[in-house]
Amino acid sequence: MMDLIYLLEDDDSIRKLVIYALNSQGYEAKGFERPAEFWKAMGQAQPDLVLLDIMLPEEDGLTILQKLRAAAGTKKLPVIMLTAKGETIDKVAGLKQGADDYITKPFEMKEVLARIEAVLRRAGEGENGKEKPRRLVFDKLVIDLDSFELVVDGKRVETPPKEMELLYHLASSPNRVYTRNQLLDEVWGFDYFGDS
């Protein structure tokens, strides 16, 4: 059965591009320009994942995210923020309010598809009770991916989300050597073409 994905995005060209890409990858995707249309669809059928812009007419994406997290049937519904607000403070706000991932515009469609796949995979693992613990505790080090907290010698250290994921990945497999490409594939989850 195809995964149903809802996209709430007021930019017509972005919405059409993402919906086209999702449908061509075998997802059943539906796009909404306004929050009222989105809430009406939510009342008819709950999706497997929601892609949510922050800056929307009538109701902003963070308010919609709060409502989704407060509603009984949607507390565990995976939500990915897809927005032009790329400041660290905006990303942290979205993640703390319950977003499963945060993608900033402009984006590569390949990255969006890989992140959707990763979030759906994690959501499926949680349903089957196979979810890996997302907290590692060592002598003077605590890495908690659920709350995105890094505690070193009893003191909380501010760490960007991707660095936290990289540290968690390395710490969860001690004494293992990774190539750059392995880390990019396993932590970033897509083909990254950047500087070393």
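**An aromatic cluster and the sheet around it**

Tyr 6, Phe 32, Phe 38 and Trp 39 are linked into a cluster by ring pairs. That's a handy place to drop in, but keep in mind that what you're looking at is a predicted model. The count of aromatic pairs comes to four. Take Phe 32 and Phe 38: their rings pair edge-to-face, 6.2 Å centre to centre, with 75° between the planes. Both Phe 32 and Phe 38 are buried. Phe 38 also pairs with Trp 39, where the ring centres are 5.2 Å apart and the planes sit at 65°, so this pair is edge-to-face too, given that angles over 60 degrees count that way. How buried or exposed are these two neighbours in the cluster? Phe 38 has a relative accessible area of 0%, which puts it in the buried class, while Trp 39 comes out as partly exposed at 27%.

Now follow the cluster back into the backbone. Tyr 6 has Lys 30 in β2 as its bridge partner. The strands behind that bridge are β1 (residues 4-8) and β2 (residues 28-32), which run parallel and are joined by five bridges. Between them in the fold comes helix α1 (residues 12-24), and β1, α1 and β2 together make a right-handed β-α-β unit.

Zoom out a bit and those two strands turn out to belong to an open sheet of five strands, ordered β2-β1-β3-β4-β5 with parallel pairing. Which strands sit at the edges? They are β2 and β5 (101-104), each of which pairs on one side only. From one strand to the next, the twist averages 20°. As a general reminder, strands of a sheet pair through backbone hydrogen bonds, either parallel or antiparallel. Over at the β5 end, four bridges join that strand to β4 (residues 79-83), and the two run parallel. Thr 83 stands opposite Thr 104 in β5.

Helices lie across this sheet. Helix α1 lies across β1, β2, β3 (49-52) and β4, and it runs at about 170° to β2. Helix α2 (residues 35-44) lies across β1, β2 and β3, running at about 160° to β1.

A few backbone details in the loops are worth a look if you care about torsions. The peptide bond from Lys 105 to Pro 106 is cis, with omega near -5°, and Pro 106 has its place in the loop between β5 and α5 (109-127). Then there's Glu 58, a residue other than glycine whose phi is positive, near 75°. Glu 58 lies in the loop between β3 and α3 (61-70) and is exposed, with a relative accessible area of 61%. Asp 153 isn't a glycine either, yet its phi is about 55°. You'll find Asp 153 in the loop between β8 (149-152) and β9 (155-157), and with a relative accessible area of 52% Asp 153 is exposed.

Finally, the whole chain. Its secondary structure comes to seven helices and nine strands. Of its 196 residues, 39% count as buried. Among contacts with a separation of 6 or more, 51% are between residues 24 or more positions apart. The chain exposes about 11600 Å², and carbon and sulfur atoms supply 51% of that area.

Terms used: Residues are numbered from 1 along each chain as its sequence is written. This is a predicted model: local features need pLDDT of at least 70, side-chain atom pairs count only at pLDDT 80 or more; totals for chains, interfaces and linings use all residues. Side-chain values use heavy atoms; hydrogens and water are left out. Two strands pair if DSSP finds at least two bridges between them. A crossover is right-handed if, with the strands pointing away from the viewer, the path from the first strand over the helix to the second runs clockwise. Buried means under 20% relative accessible area, exposed over 50%, partly exposed in between (1.4 Å probe, protein chains only). Contact means heavy atoms within 4.5 Å. Accessible areas come from the Shrake-Rupley method with a 1.4 Å probe; for residues, only the protein chains shown count as cover. Axes are lines fitted to C-alpha atoms, for helices over the stretch in contact, and angles run from 0 to 180 degrees between N-to-C directions. Rings of Phe, Tyr and Trp (its six-membered ring) pair if their centres lie within 6.5 Å; planes under 30 degrees apart count as stacked, over 60 as edge-to-face and the rest as tilted.
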